[in-house]
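Grab a pencil and work through these exercises with the structure open beside you. Each task comes with a solution you can check step by step.

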Amino acid sequence: MCFKISIKDSNKDIHNSKILLMTNPNINAYIEKNKERFLDELFELLRIPSVSADVAFKNDVIKTAAVIKEKLIAAGAEKVEICETAGYPIVYGEKIIDPKLPTVLVYGHYDVQPADPIELWTSGPFEPVIKDGKIYARGACDDKGQMYMHVKAFELMMQTNSLPCNVKFMIEGEEEVGSTNLGLFVKANKEKLKADVIVISDTGIIANDIPSITVGLRGLCYVEVEVTGPNRDLHSGLYGGAVANPINILCEMIAKMKDDKGHIAIPGFYDDVEILSSEERAEMAKAPFDLEKYKKALDLSDIHGEAGFSTNERNSIRPTLDVNGIWGGYQGEGAKTVIASKAYAKISMRLVPHQNSDKITKLFSDYFNSIAPKSVKVKVTPHHGGEPVVTPSTTAAYKAASMAMETTFGKKPVPVRSGGSIPIVAMFKSELNLDSVLMGFGLDSDAIHSPNEHYGVFNFFKGIETIPYFFKNFTELSK
Ligand code: BES
Ligand code: MN
Ligand code: MN
């Protein structure tokens with residue numbers, strides 16, 4: 001979830017301009033005529049299990065890049081190429097109509113999260129179906145469905161002779177594993193990626209009748225920990241009580257990560273955390289949010305979190321520490337009386353401005369080592385990270401997106417900060433000095449990363465409809 005942030009609408013006149021807020025019948029007619037084909041093409045992509053985290057799907061991930069290349073060519077893109085990296089390839093394509101016109105760089109990702117637990121899906125994760133107006137499949141919303149809206153909106157603009165500026169596409173296959181190779185690609189290809197703005201549809205809106213634009217993403221620090229007790233698994237009767245049980249110890253150590261107020265206990269953890277003014281917080285609290293509905297949707301009798309902050313603050317402007325997985329010892333049928341030699345956990349920390357993932361990794365590691373009793377050995381292995389980012393809501397690009405959504409939703413979108421992460425966005429700013437516009441169309445209830453991920457047919461077509469207005473508005477406002 002997310003919440004409202006105050007912005008000064010410094011350009012009210014433009015915002016109210018009838019010309020720019022009028023709907024264009026050609027857009028709707030083109031979508032109407034091609035609806036079935038757009039869905040068929042998306043389904044073709046959704047059928048390929050492009051799980052970047054699992055090498056078993058390597059060929060499928062690579063195949064997905066090849067299919068996207070074909071789709072970009074078919075839509076009218078030029079210089080379309082598969083850019084190899086040390087990991088999965090990046091698909092690049094462009095349409096430069098006039099170097100004097102502005103250039104929009106579209107970023108998206110074609111890789112998806114693993115589908116497990118498979119048994120909880122009501123239909124196959126890679127057998128897309130439409131049920132109750134929603135497309136069910138892994139990646140339907142995150143991000144194949146949203147990324148493909150841009151390909152189809154581009155086709156629409158090409159076919160209706162209405163592409164108003166230059167466009168570049170950069171679609172990667174490693175977002176769900178941290179975008180490390182894309183980071184290197186961006187650093188090495190600054191000229192190729194020259195643009196005036198980046199537009200990304202990989203976030204969400206508050207509700208289908210409450211449009212919003214994301215103006216902040218949290219960063220991420222992810223570590224794996226290993227606790228070793230005795231050098232082999234032991235009989236829990238013969239040794240129990242006399243040696244450290246690494247699973248017990250790991251649980252005690254994890255319990256020491258937070259105090260009873262929900263504050264993270266790692267020394268220095270909050271040192272760089274951005275503190276928002278009470279005015280800013282009051283402004284955020286105005287965003288529509290129904291706590292009872294929120295609890296009901298998740299079957300929760302109560303919410304939980306850091307003392308002194310609202311639910312929407314806890315999941316956006318405050319950092320977190322969560323165990324994502326914990327294992328060790330006997331997990332088979334029946335009871336086995338054993339003290340395991342090792343215990344493990346995967347722990348993520350979501351970061352807010354101006355925390356830094358490398359610094360937090362070090363603070364975590366130092367603290368974890370410092371609270372380990374002598375009776376065990378511990379190891380901390382960092383995984384990929386990402387930096388937090390706030391995107392401006394006062395730029396021409398933001399206004400172009402805001403007006404585009406106002407045109408197609410009939411309501412001005414609310415700027416919100418999201419709790420999720422897209423690691424490359426901070427690098428787009430630091431390496432290319434480019435702002436990103438996070439114009440996503442998903443819903444929190446779309447179950448991304450969960451079983452039964454879905455994406456509304458409404459949202460898919462609303463995105464295709466909105467994107468051409470963004471291009472037009474951005475071109476107009478850049479003059
Ligand atoms: N698209 C999501 C991030 C997202 C979703 C942001 C909804 C805002 C609203 C992205 O694919 C994602 O899942 N990112 C990962 C980070 C990555 C390093 C694994 C995340 O946030 O866990
Ligand atoms: Mn995504
Ligand atoms: Mn994701």
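## Exercise 1: Glu 176 and its metal

Glu 176 is buried, with a relative accessible area of 12%. Keep in mind that this is a predicted model.

**Task.** Work out which residues coordinate the manganese ion (ligand 3), and where Glu 176 and His 449 sit in the chain.

**Solution.**
1. Start with the donors: Asp 142 (OD), Glu 176 (OE, listed twice) and His 449 (NE2) coordinate the manganese ion (ligand 3) at 2.0 to 2.6 Å.
2. Put them in sequence order and the spacing reads D-x33-E-x272-H.
3. Now place the pair: Glu 176 is in the loop between β7 (166-172) and α6 (180-188), while His 449 is in the loop between β18 (436-438) and β19 (454-456), so the two tie together parts 273 residues apart in sequence.
4. Compare burial: Glu 176, at 12%, falls in the buried class, whereas His 449, at 39% relative accessibility, is partly exposed.
5. Last, the geometry: the six donor atoms around this ion subtend angles of 55 to 154°, which makes the arrangement irregular. Six donors would need opposite ones over 155 degrees apart to count as octahedral.

## Exercise 2: The neighbouring ion

**Task.** Find which residue bridges the manganese ion (ligand 2) and the manganese ion (ligand 3), then describe the site of ligand 2.

**Solution.**
1. The bridge is Asp 142, and the two ions lie 3.6 Å apart.
2. Asp 142 and His 109 are far from each other along the chain: His 109 belongs to strand β4 (residues 103-109), Asp 142 to the loop between β6 (134-136) and α5 (144-159), 33 residues apart.
3. Both of these residues are buried.
4. The protein donors of ligand 2 are His 109 (NE2), Asp 142 (OD) and Asp 202 (OD, listed twice), at 2.0 to 2.4 Å.
5. Along the chain that gives H-x32-D-x59-D.
6. Here the six donor atoms subtend angles of 57 to 165°, which makes this arrangement irregular.

## Exercise 3: A four-stranded sheet

**Task.** Which strands stand at the edges of the open sheet, and which helices pack on it?

**Solution.**
1. Write down the order, β12-β14-β10-β15, with antiparallel pairing.
2. β12 (322-328) and β15 (377-386) each have a single partner strand, so they are the edges, with one side left without a neighbour in the sheet.
3. The twist averages 15° from one strand to the next.
4. Zoom in on β10 (residues 219-228) and β15: eight bridges join this antiparallel pair, and Glu 224 partners Thr 381 in β15.
5. Add helix α7 (residues 246-255), which touches β10, β12, β14 (342-351) and β15, and makes about 20° with the direction of β14.
6. Finish with helix α11 (residues 357-370), which touches β10, β14 and β15, at about 25° to the direction of β10.

Conventions:
Residues are numbered from 1 along each chain as its sequence is written. Chains are lettered from A and ligands numbered from 1 in the order in which they are written. This is a predicted model: local features need pLDDT of at least 70, side-chain atom pairs count only at pLDDT 80 or more; totals for chains, interfaces and linings use all residues. Side-chain values use heavy atoms; hydrogens and water are left out. Donors are N, O and S atoms within 2.8 Å of the metal (3.2 Å for Na, K and Ca); water is not among the atoms, so sites may look incomplete. Four donors count as tetrahedral if all angles lie between 85 and 135 degrees; four count as square planar and six as octahedral if opposite donors are over 155 degrees apart and all others between 65 and 115; anything else is irregular. Buried means under 20% relative accessible area, exposed over 50%, partly exposed in between (1.4 Å probe, protein chains only). Two strands pair if DSSP finds at least two bridges between them. Axes are lines fitted to C-alpha atoms, for helices over the stretch in contact, and angles run from 0 to 180 degrees between N-to-C directions. Contact means heavy atoms within 4.5 Å.
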